[in-house]
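Hello,

Here is the structure I said I would pass on. My notes on it follow below.

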Amino acid sequence: MEFIELKDVYKVYKNGVTGLAGVNLQIKKGDFVFIIGSTASGKSTLIKTLYREEKVTKGSVYVGGVNVSRLKNNKTYKLRRKIGIVFQDYKLLPKLTAYENVAYPLESYGMSASEIRPMVLAALKQVGLKDKTRSFPHQLSGGEQQRVCIARAIVNKPKLLLCDEPTGNLDPETSKEIMDVISDINKELGTTVVMATHDKDIVNRMKKRVVVVSNGLIEGDYLKGSYKVNESN
């Protein structure tokens, strides 16, 4: 079985809107995959099924051999401890420093301060913020805040990093820097990366595998470097 596998997955919301309409997808361990598509295409819904933010209506979702679609609600926290998630809007706690934001999930797991410190410092170093440990979010640029978010996502060394429009609020140069950080995590740590994005420049520059989603279906699945987004896509 692949590291990630979706089998005939449907997601129909309570208002009758179809988010996914029979998706089949396999992703190998260590891959870097872009999920692209227009607004309301289903790309974010697909990402959310992987960490059980959205429960599928029909079909199966496997992550690391676990059938996520059949997990009971009170067991989802175990899944999410093994997955790092990066959002567009950072979701940092404003009254905590960069160090404290990254340490927060580890503290919630009941880990000791002596266990947490080396993990947090390593994560902040990985994203290039080892000198910003005491800075609060309002003292950081948008790109630096997103780096803190990434550090928080990888502090527990997850096997999977999910990114939902991580550069949506950033300028092109900062977006490039963030993508380089995520690419390094994929290469150096062997972390599987699945990223939903609408940024065609990033997709074209990175030359990774591209999965195109449209109307809840996979419209195309292109091998690394074989797909280029243009204005008509």
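**Helix packing around H5**

H3 and H5 are roughly parallel to each other, since their axes cross at roughly 30 degrees and angles under 35 degrees count as roughly parallel. Keep in mind that this is a predicted model.

H3 covers residues 98–108. The axes of H3 and H5 come within 8 Å. The crossing is right-handed. On the H3 side, the residues in contact are Ala98, Asn101, Val102 and Pro105. They meet Val148, Ala151 and Arg152 of H5. By class, this contact has five nonpolar residues, one polar and one charged.

H5 also packs with H6. H5 runs over residues 142–154, and H6 over residues 172–189. Their axes come within 10 Å and cross at roughly 20 degrees. That angle makes H5 roughly parallel to H6. This crossing, too, is right-handed.

The H5 residues in this contact are Gly143, Gln146, Arg147, Ile150 and Ile154. H6 brings Thr174, Glu177, Ile178, Val181, Ile182, Ile185 and Leu189. The split by class is seven nonpolar, three polar and two charged.

**Cysteines**

How many disulfides does the structure hold? Zero. Cys149 is in no disulfide. The nearest cysteine sulfur to that of Cys149 belongs to Cys163, 8.5 Å away. A disulfide needs the two sulfur atoms within 2.5 Å, so this pair does not count as one.

Cys163 is likewise in no disulfide, and its nearest cysteine sulfur is that of Cys149. Are these two cysteines buried or exposed? Cys149 is buried, with a relative accessible area of 0%. Cys163 is buried as well, also with a relative accessible area of 0%.

**The loop before H5**

Thr133 sits in the loop between H4 and H5. H4 spans 113–126. Thr133 has a relative accessible area of 19%. Buried means under 20%, so Thr133 counts as buried.

Which residues does Thr133 touch, leaving out those up to four places away in sequence? They are Thr97, Ala98, Tyr99, Leu121 and Leu124. Ala98 appears in the H3 contact with H5 too. Leu121 and Leu124 fall within the H4 range, 113–126.

**In short**

H5 is roughly parallel to H3 and roughly parallel to H6. Both cysteines named above, Cys149 and Cys163, are buried.

Best wishes

Technical notes
Residues numbered from 1 in each chain as written. Predicted model: local features only at pLDDT ≥ 70, side-chain atom pairs only at ≥ 80, totals over all residues. Heavy atoms only, no water. Axes fitted to C-alpha atoms, helices over the stretch in contact; angles between N-to-C directions. Helix = DSSP H or I, 4+ residues; strand = E, 2+ residues; numbered from the N terminus. Parallel < 35°, antiparallel > 145°, perpendicular 65-115°, else oblique. Left-handed = near helix turned anticlockwise from the far one by under 90°. Contact = heavy atoms within 4.5 Å. Nonpolar A, V, L, I, M, F, W, Y, C, P; charged D, E, K, R; others polar. Buried < 20%, exposed > 50% of the residue type's maximum accessible area, 1.4 Å probe, protein only.
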